[in-house]
Amino acid sequence: MSDLRELYQEVILDHSRQPRNFGAAAEANRGARGDNPLCGDQLRVSLRVRGGMVEDVAFEGSGCAISMASASLMTQAVKGHTVAEAEELFERFHRLLTEEEPGELGDLGKLEVFSGVREFPIRVKCATLAWHTLHAALARGDDGEVEVSTE
Amino acid sequence: MQPLAQSQSLPEVGFDAAAVRAGFPIFAPGRFEPPLAYLDNAASAQKPTVVLEAVDRFYRGYYSNVHRGIHPIAARTDAAYEAARRKVADWLGAARADEIVFVRGATEALNLVARSFLRPRLAAGDHVLVSELEHHSNIVPWQIVCEEVGAEVRAAPVNDRGELILEELAQRLAAGPKLLAVTHVSNALGSVVPLATVVEMAHAAGVPVVVDGAQAVPHFRVDVAELGCDFYAVSGHKMFGPTGIGALYGRRELLAAMPPYQGGGSMIRSVSFEKTTYAPPPTRFEAGTPHVAGAIGYGAAVDWLAGVDLEAAAVHEAALLADATARLSAVPGLRIIGTAAHKVGVLSFVMDCAHPHDVGTVLAAEGVAVRAGHHCAEPLMRRFGVPATTRASFALYNVPSDVDALVRGVHKVREIFGR
């Protein structure tokens, strides 16, 4: 039960119930669709990127509490930051979820609420789906739409 | 509402689930903390000691390849392998052992029928009829073959309870499908299809029938002769046998007229570079070294099942299902998907407050093993307007305390996710 409370922290429950930046980004010029075919989670991330800066980002879709909260918190974490910063944050976030001893990760802000996912390896894909989708959208370049899958 | 109330004492009509359980090493007391409430039987069933021992005896005591050697242990292996075939044939009500082809599982059995039975008789513009209940393994093999020739797959609908609508089926059969591929029991909802009626309807329309029986055989006796179906596919692992082994029953005259599925050793009569002739069924469809240990273990599982009073077990399972259904139905915001009048011990549900995967994670922490997802039945999930469900599925070794754990877990979900 203590592990469960670690997993489903209040911030995660809050963001899963009331996801922030839900919908499509205004004047979006990047987008990608992410699927987890094993569980049926599907989401779409759209961004407006100008001069290497994530001016706006939003997501839509449906999935479990972990995937919805992760997508919501991701949009807050990368909005107003550079593309390079977003990619670097993903790298640190991924280490938080997957490494036994991730070492110095720097300040992850609210994203630290996902540290409990480490104890539930099969849920790591739920927490990273939005980030993989974001990564695909950024890598694609302008006016592209791509699809990624966790499998 | 009394969420944590224990089950009412269930009538045990001559069936001692505790005694059955004692024959399964995974259920030995103290193995898991919290105790394992294994309710994922529709995914795969646990293995009794007698099955494990049969496999072990083969590997340790007389291991050899089949159909090849003349030395004593090879002869013994041959005998054990063919005895397993005979057991499966008898178990399914097949008139002859050579109507049973050993395959990897129901999936391979259906692919075999798609490739060797359907493909040669399919042309552009034709279609295959399935039902909305089907597992992907009874949709995709037909689609693959249909795409090759420009044919299509159509689906007969189910009603809101998850029952095949026979009037709709009749209409679709009249459209002249080349084959009806239908499940006996829905893996996602537990609905039991009235198969004898369905086969009669199909045959009256001149349509051959292949049945996915993977979910039926763990729950009740099947008699293919009585059902009259043309093919019947089963998996060993769902009926307490090993993984990687299953069987295809096929009517003898159909199998005899079918080309091989795979080419290789064992399946030939004679080979030259100009021309190869094939062995008769079932050997024709068993290229290469088969899963001998699996077949022997499967035979042991059939022997074990034959010693169980399956009718009493069905009453026991039905009581567990009724208890779980009543108690989960009383949970606010919980909706049961699949309420067929005739169903086996499968309970699929969704909860307002939490996604099936979150439900599954919370239940797992309570020791309750369930499945969360689309259960390889995406079209059926779409039919019911849900992306996924949580599925608790029972077998004859489940006990009332498993239902208690499930109900307790569901209330924990509400504690965590309820507002």
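In the predicted model, 13 residues of chain B are in contact with 15 residues of chain A. Two elements of chain B, helix H12 (356-365) and helix H14 (400-417), each give two or more residues to the side that touches chain A. The greatest contribution comes from H12(B), which supplies 5 residues to this side of chain B. By residue class, the side of chain B that touches chain A consists of 7 nonpolar, 5 polar and 1 charged residues.

Chain A itself contains 5 helices and 4 strands. Followed along the sequence, these elements are arranged in the pattern α-α-β-β-β-α-α-α-β. Two helices therefore open the pattern, three strands and three helices come next, and a strand ends the pattern. The radius of gyration of chain A is 14 Å, and the globule rule gives 15 Å for 151 residues; the two values are close, so chain A is as compact as a globular protein of that length. The C-alpha trace of chain A extends over about 45 × 35 × 30 Å along its principal axes.

The interior of chain A was described by burial and by contacts along the sequence. Of its 151 residues, 44% count as buried, a class that requires 20 or more other C-beta atoms within 10 Å of the residue's own. Among the contacts in chain A with a separation of 6 or more, 63% are between residues 24 or more positions apart.

Methods: Residues are numbered from 1 along each chain as its sequence is written. Chains are lettered from A and ligands numbered from 1 in the order in which they are written. This is a predicted model: local features need pLDDT of at least 70, side-chain atom pairs count only at pLDDT 80 or more; totals for chains, interfaces and linings use all residues. Two residues are in contact if their C-beta atoms, placed from the backbone, lie within 7 Å. Ala, Val, Leu, Ile, Met, Phe, Trp, Tyr, Cys and Pro count as nonpolar, Asp, Glu, Lys and Arg as charged, and the others, Gly among them, as polar. The radius of gyration is taken over C-alpha atoms; the globule rule is 2.2 Å times the number of residues to the power 0.38. A residue is buried if 20 or more other C-beta atoms lie within 10 Å of its own, exposed if 12 or fewer, and partly exposed in between; C-beta atoms are placed from the backbone.
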